[in-house]
Amino acid sequence: MHNPGNRRPVVLVTGAAGFIGSHVNEALLRAGCAVVGVDNFRTGRRENLRSALEAPDFTLREADVAEPGVLAAIAAEVRPAAIVHLAALVSVQESVADPDLNFRLNVQATHLVAEAARASGVARIVFASSAAVYGEGAGEPLRESDLRTPPISPYGAAKLASESLLLGHGASYGITIRCHRFFNVYGPRQDPRSPYSGVISLFAREFSAGRPVTIYGDGEQTRDFVSVHDVARAVVLAATRPGLASGAANICTGRPISVNRLAAIFGSLVPGASAPRREPARPGDIRHSVGDPSRAAADLGFGAEWAVEKGLGELAGTRAA
Ligand SMILES: NC(=O)c1ccc[n+]([C@@H]2O[C@H](COP(=O)([O-])OP(=O)(O)OC[C@H]3O[C@@H](n4cnc5c(N)ncnc54)[C@H](O)[C@@H]3O)[C@@H](O)[C@H]2O)c1
C-alpha cells in the first residue's frame, strides 16, 4: 500500500472493526481511498472486517489508540491524508458506571488523535460525535447551536469535550475538523448481544426469532434513526470533499419515528410476528429526540437517503438469509 506508485489517498480509521467503522472502511475503499484500520477489538469484531480485508488497499493494525504514542507512530509511518476517529467507549451506561474509563477512551484518546495529526501534518480529522452532546429539552428539532443545557451523561460530556479539543487543535495547527453528531444509527452488523444495543437491532433479533418485542411506556417516544449506509457516506464526504471548513453537523434524517411505528413496520415485514409486550416506561428515557439535518446539507451536500422502511427491510432480509 505504501509504495510511491500508489497515489490513492490514505485514510486512517480508528474503531475500524466496529459497527460503523466496518461500513466506513468499505465506503472509503469504494471511493478510491486506501484505508489503514486501527482497532483493539474491545467491542469490535473480526468478522466485521471480512470484506475489507479482501481489498488490497486495506490494512489492519491491532492497537489501542488510548495508549500514548501508539497512534502517533502509526500516523508517522502511513502519513494519512485524513484520520476518521470512531474508536470509543460507546455505551452511555458504561460511561456512568466507569467515568475514569470514559475519560481515557473518549477524551484522552481524542487528544492523542489530535496530537498524532499535528505531528504528522494530517490535514483533516473526522470525529464521531453524538446526539448525546445535547442536554434535556435542548430543542426540537435539535440544531447544532442548541447547547445551552449540558449533556446528561459522562459519555455526552466526553463527546462535547472532544469536539472542543479537536476544534482548538484545528484552529491552532491548520487541521480541518469535521465533528459529526450521529443520531440513532442502525443497520447490518450492529451487535444485538450488547445489553445497550439500539432498539432496532434488538427488535430485528426478536422478530427474526419469532419472539415478541418489549415496548416500554406508551411507545410514542420518538428517535431520529439514521442508516449506517447514510452515516458512512457522510463520513466519506467529510474525509474527502475538497474545501471544507471546520465545524460540527448533525448526521440525522430530521424525521421522528416512534417505537410503536418501528414495531408496526417490522410486524408487516415478518409474517406471523407476535404482538409486542408492554412494560412500564423506563426512568430517564428521553421522550423525543430528532435532529435538524440542514447544516450537513449546506456544508457537506449530505442528505439521508435511506427511509426507515427500507432500512428495516434490509435487516429483515439480512436476518432471514
Ligand atoms: N451507533 C450509534 O448509534 C452511535 C451514535 C452516536 C455516536 N456513535 C459513535 O460512533 C463511533 C462508532 O460507534 P459504533 O456504534 O460503531 O460502536 P462499536 O463499539 O461497534 O465501535 C467502536 C470501535 O472502537 C474500537 N475501540 C474502542 N476503544 C478503542 C481503543 N482504545 N483503541 C482502538 N480501538 C478501540 C472497538 O473495538 C470498536 O471496534 C463511536 O465513537 C460512537 O460513540 C455511535
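This report walks through a predicted model, starting with its sheet and helices and ending with its bound ligand.

**The sheet**

Let us begin with the strands. Seven of them form an open sheet, and their pairing is parallel. Reading across the sheet, the order is β3-β2-β1-β4-β5-β6-β11. At the edges you will find β3 (58–62) and β11 (247–251), and each of these pairs on one side only. If you follow the sheet from one strand to the next, the twist averages 20°.

Now look at one pair of neighbours. Strand β4 (residues 82–85) runs parallel to β5, and four bridges join the two. Within this pair, isoleucine 83 stands opposite isoleucine 125 in β5.

**Helices on the sheet**

Helix α5 (residues 99–120) packs on the sheet, where it touches β4 and β5. The direction of α5 makes about 175° with that of β4. Another helix to find is α8 (residues 228–240), which lies across β4, β5, β6 (176–182) and β11. Helix α8 runs at about 150° to β5.

**Two spots in the loops**

Two places in the backbone deserve a closer look. Most residues other than glycine have a negative phi, and most peptide bonds are trans. Phenylalanine 41 is not a glycine, yet it has a positive phi of about 60°. You can find phenylalanine 41 in the loop between β2 (34–39) and α2 (50–53). The other spot is the peptide bond from glutamate 140 to proline 141, which is cis, with omega near 0°. Proline 141 sits in the loop between β5 and α6.

**Around the ligand**

Which residues come nearest to the ligand? Of the 28 residues around it, they are Asp39, Thr43, Asp64, Leu86 and Tyr155. Sorted by class, the shell has 17 nonpolar, seven polar and four charged residues.

Several elements help to build this shell: α1 (19–30), β5 (124–130) and α6 (154–173) each supply at least two residues. The largest share, three residues, comes from β5. That is the strand joined to β4 by four bridges, so keep an eye on β5 as you turn the model.

The table lists three contacts made by oxygen atoms of the ligand.

| Residue | Partner atom in the protein | Distance to a ligand oxygen |
|---|---|---|
| Isoleucine 20 | polar backbone atom | 2.8 Å |
| Leucine 86 | polar backbone atom | 2.8 Å |
| Lysine 159 | N or O atom in the side chain | 2.9 Å |

How much of the ligand does the protein bury? Taken alone, the ligand exposes 830 Å², and the protein buries 92% of that.

Conventions. Residues are numbered from 1 along each chain as its sequence is written. This is a predicted model: local features need pLDDT of at least 70, side-chain atom pairs count only at pLDDT 80 or more; totals for chains, interfaces and linings use all residues. Side-chain values use heavy atoms; hydrogens and water are left out. A residue is near a molecule or strand if one of its heavy atoms lies within 4 Å of it. A polar contact is a pair of N or O atoms within 3.5 Å; within protein, one must be able to donate a hydrogen and the other to accept it, and residues adjacent in sequence count only if both atoms are side-chain atoms. Accessible areas come from the Shrake-Rupley method with a 1.4 Å probe; for residues, only the protein chains shown count as cover. Ala, Val, Leu, Ile, Met, Phe, Trp, Tyr, Cys and Pro count as nonpolar, Asp, Glu, Lys and Arg as charged, and the others, Gly among them, as polar. Two strands pair if DSSP finds at least two bridges between them. Axes are lines fitted to C-alpha atoms, for helices over the stretch in contact, and angles run from 0 to 180 degrees between N-to-C directions. Contact means heavy atoms within 4.5 Å.
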